[in-house]
Each structure stands twice: as structure tokens, then as C-alpha cells.
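Trainee: I should like to learn how to read backbone features in a model. May we work through one together?

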Amino acid sequence: MDSIDFADIAEVVGKIRTREISPREVIEAHLERIEKLQPSLNAFVHVDAEGARRQAQAAEVSVLRGDAVGALHGVAISIKSCIDVAGWPCPAGSRLRADYVASEDAVLVARLRAAGAILIGNTNVPEFLMAYETDNALSGKTSNPWELSRSAGGSSGGEAAAIASGCSMGGVGSDGGGSVRVPAHFCGISGLKPTPGRIPSTGHFPREAGGFAWLGVVGPMARTVADVRALFDVMKGPDADDALSLRIEEKSFGERELSGIRVGILESDALGDVTAETVEAVKRAAALLSERFNVEPFRLEGLERAIELWWFFFGPMIAHLFEPMVEGHEGELSPMFREYLSVARLKIAPRVDEFMNACVKRDIVRARIISQMRDVPILLSPVCAAPAFRHGEGNWQAGSGYRDTMRHAQWLNLAGFPGVSVPMGLSAEGLPIGVQVIGRPNEDELVLAVAEILETARGKWETPAV
């Protein structure tokens, strides 16, 4: 292990079990890293140093007693600041929630604790999570550890920056249109957008429920796919307070189960252009996977409609839900959130029949996509059109903004598909480029298995020099 800061979860847990390192060493290393990098990155909004030290002390005593330890025993974990951790502020990037302190842990947080994870702090987001850049009027902007002039992405940008820079070993983000996968791509780490219901979203703000439950999910982020899988295995499973949560039969994917799998290189006129370097990253991933799988171009129809419907829900409908909360507080909102509202708001209030019609169309589009993938369970695509943009360059305007550059990520949220971002290369400027491994609903384990094979074939990934 070259450095605790950049060690894999399995390696750290193994050395803790054999008493080669202690949980206190792990936590002190990460707290020192946070102290060093927080002024330049601004990844965290709250660091619970004393709480983490108490947890580490208890974890060390447990090891010395010879107790059985969990899958994440002593692992330093960060949490996106829209997910409840008891006693921590959970502002979701807004002055309007600056005084909110969670009274209890979200279900997924409780599961992480039960597995021995040590929570060190929560991370920055755009206001109410509604941008692909992490900046807000409450806690400022988060920078990319590969290049400080660039965005770490959003809305899980603080989480991606913290993990990529070695300030935490892994953590939890959320994804309503690419908000796990895009920051992972920008910062050179991995992140899973699971199938809705695989990980309970109880304790997340905004609540992922009702007609919007398909869009938003919570998902693990880490430097390697293996670490993402370790977090997923701990957090997944049903919860009575999450209406979409369900119990899925445990599946494993060895040589026999993966034999004969077809992988499609996603093609669609609806997705728009990407940079030449992004094209090369996908080609490289396809070539590596072709050593194990049948890889071929795959044209998917219906994505234009999927993206239009995604914006109907994520734009006008969600903006309408925010209106009662922000009315009379417009002066306290961050510029990026005001810009979102200005683009997303309808001049005439939406009608119930419009919403219901869109729900029906969503189910039809989803069924059509699933049908086309009957014999091709895995797709390979870019995460978005380009590497990380400079601070302030993102916007919601049609023609040049997020609605055009992030299409590869957005359609998965409308359809409820799982997808994981895997770092695959660097741009000429030295910025990470990820590719997306996509699967059919509730086949998250297969997606992770293929992504891990790709990661292994790619070889060791470098860390940012921040």
C-alpha cells in the first residue's frame, strides 16, 4: 500500500483486520488530507473530525478485542450534503436550508455504519442539486482536483472531488440526470447510478417519490469499480419507507455467467456530438472489452423522446414543485439555481392531464428501449460530450448547455437504467475522460461485473497531482 489516502477499500480493511494498520491511522491520514486540500478544493461543507476520531477509536478497540468486523471496518466515507446524517447540517447547497440539521441517519447511512464505515463529513453540491456544476451562495464552488480552474461537476461534485483527491475512500452521491456519473467522469473516479429501488433513497432531499421516483437515485462513488461494488453491496436492499425499493435475488457473475454476453457500442442521432478524445476513449474501452465479449455497434431508437420526457420532469415539473419553497426568497438563491428556474418554469401552470400523459409516454418509451436490448444486455457510451468545463461555463440554455452536452447520461434516468462511469483516458489538457457501462433495469450486478473487467483491462489509473 503506497498511501493510505489512495488505498483500495479491500486493502485497507484487510490490513485493519490483521492489525497492520489501525482505524485511527486511516482517519488521521484522511483528516490531514482534508485540512491540506479543503482551502483549494472546497469539497466539504461539514467535517466531523471529533466524531470520526471517536468512531475510529471504537473501531480499533473492536479489532483488538477480536470482534468480527464488517465489510467497511475503518473505512473513511463521505456523504453528499443532501443525505441525512444524524447531527450534521444537510443544507443541499441552499441558504434556505442553512439551519437544517438531520435528526436521524438516512437508511443507507445506517447501513454504512453497521458495516463499520467511519463517516468523516459531507460534501458540497449546487443549490437544490439542480446543476452540473457545484457552486452555490451558501458554501461557494468546488474545484476539480485535476485542474483547479475546472468544475468538479454536479450535483455530486464535492463528493467526486473529495474521493479523487484522497480526502475520502468512497462515498454516496445522488443522480437525477447524471449527477453521480458526470462528476465521476470529470474527476476521474467511478460512480454507479443504480436501478431505482436497489438502494433506498429514504433521507435524501428532495424526496425521491411519486411520479419523479424513477428520475432520482442514490448511488456509490469511489476510485475503483471494486470499491463502488463494495459500497453497493452494503447499501442495497429494500426499505419500507421507499416505495420503489425491492428485494432482488443475489446474483454473481463469473466466467460461466459472462460467457457469450453481447456488448453494444451505443449509437443514436439523439445524443449529439462528442469530442474526438471522447470518441477515442469509447473505442479504447470497446477494444478492451472485445477480448472477452462480443462487441458491436448498436443503434438504439427512441432516445430523442426519452430525453424530451426527461426534461419535462426534471425541468418544468420539478421547478413547479420548488416554487412554494422559494417564493419570497428569490434574493437568497444562487445565480445557477435562478438560471435553472428561468429556463424551466412554464408561463402557464402545468395541468394534471399533461403530467399523467407524460407518465404514460415514459413507460412506453422505457418498454421500447428494454425490448431493443433483449439480446444486448450491456451498452457502452460516453458519459457526456466533453471533459470538465471551466468554472461558470455551464448553463441550462438550449443549444449549448446541459440539455445538449449531458444527453448520454440523462436518458438513463428517464428509463430507470443502471449505469457506471469508468475512467478511460485523459484529454490533451490532462483532464479525465470516463466511459459509461449501461445495463438493463435490476441488472446492476452485471453492469458492475463488466465495468470491473474493463477497469482491470485498462490498467492502473493515476491520481491527480493536486
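Trainee: Which residue follows H2, and what is the sign of its phi?

Mentor: This is a predicted model, in which local features need pLDDT of at least 70, side-chain atom pairs count only at pLDDT 80 or more, and totals for chains, interfaces and linings use all residues. Residues are numbered from 1 along each chain as its sequence is written, and side-chain values use heavy atoms, with hydrogens and water left out. Helices (H or I, at least four residues) and strands (E, at least two) are DSSP runs, numbered from the N terminus. Asn42 follows H2, and its phi is positive, near 55°.

Trainee: What span does helix H2 reach?

Mentor: The expected span is 1.5 Å times one less than the number of residues. H2 (residues 23-41) has 19 residues and reaches 25 Å from first C-alpha to last, close to the 27 Å expected.

Trainee: Where in H2 does a kink lie?

Mentor: The bend at a residue is the angle between axes fitted to the seven residues ending there and the seven starting there. In H2 a kink of about 35° lies at Glu35, shortly before the proline Pro39.

Trainee: In which sense do S9 and S10 pair?

Mentor: Two strands pair if DSSP finds at least two bridges between them. S9 (residues 262-267) and S10 (residues 294-299) pair in the parallel sense over six bridges, and Val263 has Val295 as its bridge partner in S10.

Trainee: What of S4 and S5?

Mentor: S4 (residues 143-144) and S5 (residues 147-151) pair in the antiparallel sense over two bridges. They form a hairpin with two residues between them.
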